[in-house]
Amino acid sequence: MLGIVNRLFVYEEGVIHKRSRLPHWHVPGGIYFVTFRLADSLPRAMENRINALVDECWDACLAGGIDSKEAAEKVRREAFRLTQPVLDRGYGQCYLRNGTVALDFQQIMLNDREKNCDLLAWSIMPNHVHSVFRLLRQIRIDQLMQTWKSVSSRRANRILGRRGAFWQSDYFDVLVRDSLQLRRTVEYVMQNPAKAGLKDWRWVGVHHDRLADLGV
């Protein structure tokens, strides 16, 4: 067991797995901060640069004898640090600016509340999404992401009258380990639209009742 001071953040030992380039740490019942983005949300040159740096960081961590959990965290931090400023500049077609597409995806997440995850907070940005949730035990995080992406991409492409990849295949995930980290994470998610220069942005929300249950 991985013991955390707050009793609500005591997790069973999880399993590391790696999809595409980024490693992911699956913990049944864990609270996660997940960021995923549209397929065209980074310039190709930037995408290649980030992929190369992530691969280099991952290989260096493992070669240095760092255990898988610490290596995964280092890789995730580096990838997020490089990617987030570019995403906030609104690169690509930004299909999530379309109110119908954004509303549909928001509803997909809300409909999953208490089924596959306990949704705590979210921000649907023009070319990426931030989501904070507690994962329910009967589903893995990669399965939840696959469900959200597959359902929403079909609907979005139909709404937009387009074909092809809608989401980038991978995602960033952070296991939230205590109430202070959860509070800071939710604040980041809620403030992201304003920091990105989006005024009166509608596609952001938080469930204060659930956060109160978690001591936030």
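Reader: What makes five strands here one open sheet?

Author: In this predicted model, the strands pair in the order E6-E3-E5-E4-E7. The pairing is antiparallel. Strands of a sheet pair through backbone hydrogen bonds, either parallel or antiparallel.

Reader: Why are E6 and E7 called edge strands?

Author: Each pairs on one side only. E6 covers residues 172-176 and E7 covers 204-206. Neighbouring strands of the sheet are turned by 20 degrees against each other on average, direction ignored.

Reader: How do you know that E4 and E5 pair?

Author: Count the bridges. Two strands pair if there are at least two bridges between them. E4 (residues 117-124) and E5 (residues 128-135) share seven, in the antiparallel sense. That meets the cut-off, so they count as paired. Take Trp122: its bridge partner in E5 is Ser131.

Reader: Why is His128 called buried?

Author: Buried means under 20% relative accessible area. His128 has 0%, so it counts as buried. This residue is found in strand E5.

Reader: What makes the His128 and Gln84 pair a polar contact?

Author: The cut-off is 3.5 Å between N or O atoms. The two side chains are at 3.1 Å, so the distance is within it. The side chain of His128 also makes a polar contact with that of Asn127, at 2.8 Å. Not counting residues up to four places away in sequence, His128 touches others too, including Thr35, Phe36, Leu87 and Asn192.

Reader: How do you know how many disulfides the structure has?

Author: A disulfide needs two cysteine sulfur atoms within 2.5 Å. A search of the whole structure finds zero.

Reader: Are Cys94 and Cys117 buried or exposed?

Author: The cut-off for buried is under 20%. Cys94 has 6% relative accessibility, so it counts as buried. Cys117 has 0%, so it is buried as well.

Reader: How do you know what span is expected for helix H4?

Author: Take 1.5 Å times one less than the number of residues. H4 (residues 141-160) has 20 residues, and 28 Å is expected. From its first C-alpha to its last, H4 reaches 28 Å, close to that value. Just after H4, Gly161 takes a positive phi of about 65 degrees.

Reader: Which residues of H4 are buried?

Author: Among them are Ile141, Leu144, Met145, Trp148 and Ser152. An α-helix has 3.6 residues a turn, so residues three or four places apart point the same way.

Reader: Which strands does helix H3 lie across?

Author: H3 (residues 99-111) lies across E3 (31-37), E4, E5 and E7. Its direction is at about 160 degrees to E4.

Methods:
Residues are numbered from 1 along each chain as its sequence is written. This is a predicted model: local features need pLDDT of at least 70, side-chain atom pairs count only at pLDDT 80 or more; totals for chains, interfaces and linings use all residues. Side-chain values use heavy atoms; hydrogens and water are left out. Helices (H or I, at least four residues) and strands (E, at least two) are DSSP runs, numbered from the N terminus. Axes are lines fitted to C-alpha atoms, for helices over the stretch in contact, and angles run from 0 to 180 degrees between N-to-C directions. Contact means heavy atoms within 4.5 Å. Buried means under 20% relative accessible area, exposed over 50%, partly exposed in between (1.4 Å probe, protein chains only). A polar contact is a pair of N or O atoms within 3.5 Å; within protein, one must be able to donate a hydrogen and the other to accept it, and residues adjacent in sequence count only if both atoms are side-chain atoms.
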